[in-house]
Amino acid sequence: MPAVTPLADLYDFICKGPLLERIGLDAEDVRRDMNEWIEMGLRLSRILGFRELMLSESEKARVYHYYLPVYMWCKRELERHRGRFNDGDKPIPALVIGISAPQGCGKTTLVDALEYMFNYSGRTAASVSIDDFYLTAADQQTLAKENQGNLLLELRGNAGSHDLDLGTQTIKSLQNLAEGLSGFVPHYDKSAYNGRGDRSDPSTWSKVTGPLQVILFEGWMLGFKPLGKAAVSSVDPQLEVVDKNLVAYQKGWFSLVDSWIIVKVDDPGWVYEWRLEAEIAMKAKGKPGMSDEQVADFVARYMPAYKAYLETLYSEGPGNAKPDNVLKFSIDKNRNPVG
């Protein structure tokens with residue numbers, strides 16, 4: 001029957017995906033859950049603004065080779081997490097999935113897709129970014145004065161420029177929200193003070209109603225391990241303070257993460273090009289954007305950390321992570337997974 005052909009083609013396409021084996025699935029698993037792949041794929045395509053029945057090859061790959069396989073892995077992690085608790089236990093805390101990926105690589109879209117799929121399937125989820133926990137403008141100014149001359153701490157971004165207590169309190173609160181109770185996720189206004197940024201007024205913070213099953217915690221430097229003075233000073237002496245600050249991140253934030261997704265890139269230099277693309281797109285929509293020189297200066301403040309920490313993150317994973325609870329894969333310059 002003609003109607004069978006598209007389904008057969010889609011099945012074959014999914015089975016050829018670069019992440020399928022990495023997430024522990026095979027062709028028989030796909031065949032068994034094909035209805036779910038189709039339903040979630042159609043709905044996700046609509047949410048992303050794609051014409052779900054006329055996907056281009058790149059759109060098809062983004063949905064069925066990237067977002068859906070990662071979701072299937074996350075869903076299994078959730079099942080494992082909840083399976084550790086007995087039915088008679090007190091309410092099960094939400095699973096915290098940490099997503100570590102360089103700026104501009106599409107992690108926000110990935111997180112939005114995962115959050116949508118979890119919530120659509122009845123598995124309540126909320127997303128949180130490390131950007132939500134940047135210091136207030138006043139505190140960032142104090143940090144810059146205390147580290148005068150250190151360009152890595154002059155502006156927001158590197159370890160030391162976040163409110164660790166606020167982040168810890170927020171995640172722990174969301175993890176254990178009782179049914180019907182609400183929690184709030186802070187927001188940061190990056191446009192405040194001519195782009196230097198400031199924490200948004202609490203009246204604008206996102207309201208989340210419990211209980212949650214999943215918290216998606218994303219950030220460009222999640223999972224970075226402190227390496228010690230000798231290792232980081234050879235990259236950039238300004239990293240010595242940043243490296244010391246990372247100790248508190250590892251003990252505080254990273255220890256809250258149950259499962260990890262590590263999105264790898266072959267060349268951190270792509271971050272500059274991705275940021276440039278984003279600024280051009282913003283200007284095309286009539287929004288203010290940075291000049292090429294401003295983009296170069298902005299990205300340069302992150303590059304030392306990428307050069308110092310990515311190799312260890314990719315080879316060893318986050319310090320507190322269990323290998324069975326880590327999904328690592330690479331994407332190419334076009335932000336497509338390559339395994």
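# Exercises on a predicted protein model

Pro211 belongs to the loop that runs between β6 (206-209) and β7 (214-219). The exercises below concern a predicted model.

## Exercise 1: The peptide bond before Pro211

Determine which residue is joined to Pro211 by a cis peptide bond, and state the omega angle.

Solution. First, recall the background: most peptide bonds are trans. Next, examine the bond that joins Gly210 and Pro211, for which omega is about 0°. The partner is therefore Gly210, and the bond is cis.

## Exercise 2: Positive phi angles

Find where Tyr193 and Arg335 are located, and give the phi angle of each.

Solution. Begin with the general expectation that most residues other than glycine have a negative phi. Tyr193 is not a glycine, yet its phi is positive, at about 50°. Tyr193 sits in the loop between β4 (188-189) and β5 (198-199). Its relative accessible area is 55%, and the cut-off for an exposed residue is over 50%, so Tyr193 is exposed. Arg335 is likewise not a glycine and has a positive phi of about 70°. Arg335 lies in the segment after β9 (326-330).

## Exercise 3: The overall build

Establish how many helices and strands the protein has, and why the protein can be called as compact as a globular protein of its length.

Solution. Count the elements: the protein contains 12 helices and nine strands. Then compare radii: the radius of gyration is 21 Å, close to the 20 Å that the globule rule gives for 339 residues, so the protein is as compact as a globular protein of that length. Along the principal axes, the C-alpha trace spans about 70 × 50 × 40 Å. Of the 339 residues, 48% count as buried. Finally, consider contacts between residues at least 6 apart in sequence: 74% of these join residues at least 24 apart.

## Exercise 4: The annotated domain

State which residues UniProt assigns to a domain, and describe the helix and strand content of that stretch.

Solution. The UniProt record, an unreviewed entry, places the feature "domain: Phosphoribulokinase/uridine kinase" at residues 96-220. Over residues 96-220 the chain is 29% helix and 22% strand. The end C-alpha atoms of this stretch are 16 Å apart.

## Exercise 5: Three residues and their surroundings

Decide whether Tyr11, Thr170 and Cys105 are buried or exposed, and list the contacts of each beyond four places in sequence.

Solution. A residue counts as buried when its relative accessible area is under 20%.

- Tyr11 is part of helix α1 (residues 4-15). With a relative accessible area of 13%, Tyr11 is buried. Its contacts are Ala27, Val30, Arg31 and Met34. The C-alpha atom of Tyr11 is separated by 44 Å from that of Arg301, which is 290 residues away along the chain.
- Thr170 is part of helix α7 (residues 164-175). Thr170 has a relative accessible area of 6% and is buried. Thr170 touches Phe133, Phe184, Val185 and Pro186.
- Cys105 is in the loop between β1 (95-100) and α5 (107-120). At a relative accessible area of 2%, Cys105 is buried. Its contacts are Val263, Trp274, Ile331 and Arg335. Arg335 is the residue with a positive phi of about 70° met in Exercise 2. Between Cys105 and Gly319, which are 214 residues apart in sequence, the C-alpha distance is 23 Å.

Technical notes. Residues numbered from 1 in each chain as written. Predicted model: local features only at pLDDT ≥ 70, side-chain atom pairs only at ≥ 80, totals over all residues. Heavy atoms only, no water. Helix = DSSP H or I, 4+ residues; strand = E, 2+ residues; numbered from the N terminus. Rg over C-alpha atoms; globule rule 2.2 N^0.38 Å. Buried < 20%, exposed > 50% of the residue type's maximum accessible area, 1.4 Å probe, protein only. Contact = heavy atoms within 4.5 Å. UniProt positions renumbered as here; feature names shortened; annotations may be inferred.
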